[in-house]
Amino acid sequence: MMIEAYLSLFGFMILMVGTPGPANLLAMLGGSQIGLKSCSGFLLGLAVGKIPLNILIGFGFGVILSENTTLFQIFKYISAVYMIYLASRSWNTKPVNSDNIQKSHQFDFKHGVIVHPLNPKAWVMSALAWSNFAPAIGSFPTQLVSVVFGFAICQLTLTSLWCWGGSILGRSLPNNQKLMRSMIILTILVVLWAISS
């Protein structure tokens, strides 16, 4: 039964972290512009930024936020503005190619670390993990370790795959400004969808 509880939790994490969302699309955008290696700080920031979020929700902050609708709405709009800002900064950036790798400051650790604390999808998936899957694992310390480190491992692995996919696109279609702008528009649309749901 304990193994089934862990498998359910990690299956949920893989599904949630691996599907399109603001963080994955930003990672893909970064990969297409500067490559996987140059995005490593951003990817690490994404994983590190989710750790305090998971801890806060585990200690009940998610309940406080969900019960205060004004605070929750303010949070949603601040998060949307930040992620749209991060994506739109790339509007005039050229994709990565073999001759010229541009340094892009929006895809560094400090910008990655704040994405998940401001990502409504991250809050929802963490709250669902805590409420629907973690209780079956056992004591609170066991739940805390399982949720925090499970998400961190999934985050590093799956978001890196999104970034790698973006780097393949960037190399396959070098200097394709239409592709880049389409990815930015898609990222913005996903962010807007996330705050409207």
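Here a colleague and a modeller talk through a predicted model of a protein chain.

Colleague: Let's start with the overall picture. How many helices and strands does the protein chain have?
Modeller: Nine helices and zero strands. If you read along the sequence, the pattern goes α-α-α-α-α-α-α-α-α.

Colleague: And what share of the residues is buried?
Modeller: Of the 197 residues in the protein chain, 47% are buried. As for the outside, the chain exposes about 9600 Å², and carbon and sulfur atoms supply 71% of that.

Colleague: Okay, pick a residue. Why is S167 called buried?
Modeller: Buried means under 20% relative accessible area. S167 has a relative accessible area of 1%, so S167 counts as buried. You'll find S167 in helix α8, which covers residues 140-172.

Colleague: What does S167 touch?
Modeller: Not counting residues up to four places away in sequence, S167 touches G31, S32, G35 and L36.

Colleague: What makes the pair S167 and W164 a polar contact?
Modeller: A polar contact needs a pair of N or O atoms within 3.5 Å, with one able to donate a hydrogen and the other able to accept it. Here the backbone oxygen of W164 lies 2.6 Å from a polar atom of the side chain of S167. That distance fits the cut-off.

Colleague: Now Q155. How do you know whether Q155 is buried or exposed?
Modeller: Same kind of check. Q155 has a relative accessible area of 2%, and the limit for buried is under 20%, so Q155 is buried. Q155 is also found in helix α8.

Colleague: Which side chain makes a polar contact with the side chain of Q155?
Modeller: That of K50, at 3.4 Å. The cut-off is within 3.5 Å, so the pair qualifies. Leaving aside neighbours within four places in sequence, Q155 is in contact with V17, L46, A47, K50, H116 and S160.

Colleague: Last one, on two helices. Why is α2 called roughly parallel to α5?
Modeller: Take the angle. The axes of helix α2 (residues 22-38) and helix α5 (residues 69-88) come within 10 Å and cross at roughly 15 degrees. Angles under 35 degrees count as roughly parallel, so α2 is roughly parallel to α5.

Colleague: And which residues make the contact between α2 and α5?
Modeller: P22, L26 and L29 on the α2 side, with M83, L86 and A87 on the α5 side. The crossing of α2 and α5 is left-handed, by the way.

Technical notes: Residues are numbered from 1 along each chain as its sequence is written. This is a predicted model: local features need pLDDT of at least 70, side-chain atom pairs count only at pLDDT 80 or more; totals for chains, interfaces and linings use all residues. Side-chain values use heavy atoms; hydrogens and water are left out. Helices (H or I, at least four residues) and strands (E, at least two) are DSSP runs, numbered from the N terminus. Buried means under 20% relative accessible area, exposed over 50%, partly exposed in between (1.4 Å probe, protein chains only). Contact means heavy atoms within 4.5 Å. Accessible areas come from the Shrake-Rupley method with a 1.4 Å probe; for residues, only the protein chains shown count as cover. Axes are lines fitted to C-alpha atoms, for helices over the stretch in contact, and angles run from 0 to 180 degrees between N-to-C directions. Angles under 35 degrees count as roughly parallel, over 145 as roughly antiparallel, 65 to 115 as roughly perpendicular and the rest as oblique. A crossing is left-handed if the near helix is turned anticlockwise from the far one by less than a right angle, and right-handed if clockwise.
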